[in-house]
Amino acid sequence: MASLTLKDIKKVYPNTEPVKKPKKKKNNDEPVKEKANLQITEEGVVAVQQFSLDIADGEFIVLVGPSGCGKSTTLRMIAGLEEISGGELYIGDRLVNDVAPKDRDIAMVFQNYALYPHMTVYDNMAFALKLRHTPKAEIDKKVKEAAEILDITQYLGRKPKALSGGQRQRVAIGRAIVRNPQVLLMDEPLSNLDAKLRNQMRAEIIKLRHKINTTFIYVTHDQTEAMTLGDRIVIMKDGFIQQIGTPQEVFGHPYNLFVAGFIGTPQMNFFTGCKLVKENGKYAVDILGKRIVLSEKQQAALSAKGQQPCDITVGVRPVHIQADSQGFTGKVDVSEMMGSELHLHLNVQGLDVVAVIPTVGLDLEAHSTGKEVSFSFDPSLMHLFDAQTEKNLI
Amino acid sequence: MAKVKGNSPAPAAPANSVKPQKTPKKWLKHLWENYPFLVMVFPAVLVVFLFNYLPIYGVLIAFQDFMPGDPIFSEYTQWIGFGNFTRFFTDVQFWPLMKNTFLLCIIGFFIGFPLPIIVSLMLNAMKGKRMAKVLQTIFNGPHFISLVVLVGMLTLFFGRYGLVNNIVASLGGERVSYFLEASAFRPMYILSSNWQDFGWSAIIYIAALSSVDPGQHEAAILDGATRFQRVIHVDLPAIMPMVSVMLIMSIGGLMGVGYEKALLMQTDGNLAVSELIATYVYKQGLTGIPDQAYATAIGLFNSIINVILLIIANTTSKKFSENSLW
């Protein structure tokens, strides 16, 4: 078990071909061009930048973000599989930027398991220990202990091809934990599994976390995994950290529009073209033709910042929308019955608004496709984002 | 069977399951459904039939007292059974031919079979991929040199007034005509053959290595494996199925050495080791007074040895490595 410190970590993939000079330079202040979500500079393609994070002993950190955001690259830099272009990486008190992967005392679980197909489960798990010339009796003890923890003892004599996806993933985890690494890295370990097995394995990882003493760094693009597994979540986009916080923090107080949209299922509803106004010394929001006065807590937060009236985007989570005959009206475009709840896709003045309504005591016929429904939400649960900077105002 | 928790691999089909039999009607329907593919494959089947299967008919002369110009089937055909074979087994040349062919092939096999594997593993393990590609191209070059040119090069290098002798002579040594030395034939033959073909033969292994999951290498790096250990524990096992197939095919063609190069390198001085089954067949069948029936019998005997070797190699491989041609 060890703490980790990442100080201003940067990863640039150098240009392998000479950069073609543009014929006409339009603006000298534009050294950076963007292609999709990648930043391409004179140095090369910037995959990760300004990544600073302190990870405590035994903490479970989840890096989450969309494809190409740099989360796997960051993990691979920690593992030593990618060179660090800038910044400092400490494991414990040791600077490990230039330390070989095998000397970092870390283990990694790969997305596609990366088991050695010609070796049995036992040999796969024992391989790292054999390379370290560990005595046979100790190898045997450690492999069997790890197999016991992961409930794969009965498969020790099998080869990976004779195992199911879930069993292979357990073996991959077993191979990683058998060395008692200081840090255990997991790169989207559940993404190759079907939904049911993923839920099962997620629970297994939570159990495992309590059984072994190590620091976990887990990469996923699945926000449900991030929310359920992580002590803290690091949300990334385009190589930058967007927010670091506990699951409750990132869900309850997203730092910006991206985080708000990324965390939570169904996604948060965004009402664009709204205005933050100040009337009689009180802040209010003009939304969908109505004026809603903000809660005392929100008033206090905005006043403390000296917030000026401005254009904003209002975010409301679908679970915070409730049926209310006095509220906004919208037409049901799609009605999805999920069992205990109904997901309504409403057309409200041209905006697509999703509402999650509990089905207990609900008149389903009145909420079917094509029907007009009225709804409202608690103003204190609104998230206010600056329309320009996209940052949360509160 | 071990208890399987949670999800388990799909159970295999029961051993006694009966395959549905195809009736003629179903068979015709199946042909009709696949006729575009059958039309496409037809020219290839025709070529193989005309040039590979039809000539097999000619091996019948191995069992006849055949003279060039005789029809294979006529009322005058004299069937002599295994007479030609018996003649070969009792021929004074039989054991020298067997020994020469076997030694040349077996030594060539032991040097030539692992060489492309080692080269492919080394090229694959190289850090500089551009350099690896350059080297691979260089290694492939000799394959395109014709045998006549190759033997010409050997003459230029190892002839009495060739490069090697010139160097030896300039250092005060004595000139040696390597082409007249029986002891020099096998090393020159085997090493030049391997030089010519190791790069070309490595292509198939390089292709197999390109499909190795990079994740396995990364896992091995984290496990603490050195570059050499990764080659041994990741790359080599990954190409073992291909190695098995190539091994079976090589053993199957072990005695099938061609006559051209040996004939080109043959001199009176090295005849004792350079006379092979293939060169003997050529000489018996096409030079002097041709004895084609005898030559065909020797060639057929050689082919039968190859088939037996192929079956043994395939069966052994199937038993020990789960890889086989059939």
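Are R76(A) and E218(B), the two ends of a salt bridge between chains, buried or exposed? R76(A) is buried, and E218(B) is buried as well. The views below start from this pair and then move on through a model that is predicted.

**View 1. R76(A) and E218(B) meet across the two chains.**
Here a salt bridge joins R76(A) to E218(B), and the closest N and O atoms lie 2.5 Å apart. The R76(A) end sits in helix α1 of chain A, residues 71-79. On the other side, E218(B) belongs to helix α10 of chain B, residues 214-223. The pair isn't on its own, either: K11(A), R76(A), E82(A) and E218(B) are linked in a network of salt bridges.

**View 2. Chain A and chain B in contact.**
Step back a little and the interface comes into view. On the chain B side, 25 residues are in contact, and they touch 34 residues of chain A. Between them the two chains bury about 2300 Å², with 55% of that on carbon and sulfur atoms. How many salt bridges cross the interface of chain B and chain A? The rule finds 1. Counting over all chains, the number of salt bridges comes to 17.

**View 3. K141(A) and E145(A), a pair within helix α3 of chain A.**
In this close-up the side chains of K141(A) and E145(A) form a salt bridge, at 3.8 Å from N to O. Both residues are in helix α3 (residues 136-150), and because they are 4 residues apart, about one helical turn separates them. K141(A) counts as exposed, with 55% relative accessibility. Its partner E145(A), at 44%, counts as partly exposed.

**View 4. R291(A) and E279(A), a salt bridge between two strands.**
Now for a pair that links distant parts of the chain, 12 residues apart. R291(A) lies in strand β15 (residues 290-293) of chain A, while E279(A) lies in strand β13 (residues 269-279) of chain A. Their side chains meet at 2.7 Å, N to O. R291(A) is partly exposed, with a relative accessible area of 42%. E279(A) is partly exposed too, at 38%.

**View 5. An open sheet of 6 strands in chain A.**
Reading across this sheet, the strands come in the order β8-β9-β10-β5-β11-β12, and the pairing is mixed. The edges are held by β8 (106-109) and β12 (240-245), each with a single partner strand, so one side of each has no neighbour in the sheet. On average, neighbouring strands are turned by 20 degrees against each other, direction ignored. Helix α4 (residues 165-177) of chain A packs on the sheet, where it touches β8 and β9 (183-187). The direction of helix α4 makes about 175 degrees with that of β8(A). Elsewhere in the sheet, β5 (residues 60-64) and β11 (residues 232-237) of chain A run parallel and are joined by 4 bridges. To find one bridge, look for V62(A): its partner in β11(A) is I233(A).

**View 6. An open sheet of 4 strands in chain A.**
The order here is β19-β18-β17-β20, with antiparallel pairing. Which strands stand at the edges? They are β19 (351-358) and β20 (372-377) of chain A; each has a single partner strand, so one side of each is left without a neighbour in the sheet. Neighbouring strands of this sheet are turned by 55 degrees against each other on average, ignoring direction. Strand β17 (residues 321-337) of chain A pairs with β20(A) over 7 bridges, in the antiparallel sense. A handy spot to find in this pairing is K331(A), which stands opposite E372(A) in β20(A).

**View 7. C274(A) and C310(A), two cysteines without a bond between them.**
How many disulfides does a search of the whole structure find over all chains? The count is 0. This view shows why for C274(A): the closest cysteine sulfur, in C310(A), is 11 Å from its own sulfur, which is too far for a bond. A disulfide would need the two sulfur atoms to be within 2.5 Å. C274(A) is buried, at 3% relative accessible area. C310(A) also counts as buried, at 18% relative accessibility.

Note on methods:
Residues numbered from 1 in each chain as written. Chains lettered and ligands numbered in written order. Predicted model: local features only at pLDDT ≥ 70, side-chain atom pairs only at ≥ 80, totals over all residues. Heavy atoms only, no water. Buried < 20%, exposed > 50% of the residue type's maximum accessible area, 1.4 Å probe, protein only. Pairing = 2+ DSSP bridges. Axes fitted to C-alpha atoms, helices over the stretch in contact; angles between N-to-C directions. Contact = heavy atoms within 4.5 Å. Buried area = accessible area lost by both parts, 1.4 Å probe. Salt bridge = Lys/Arg side-chain N within 4 Å of Asp/Glu carboxyl O.
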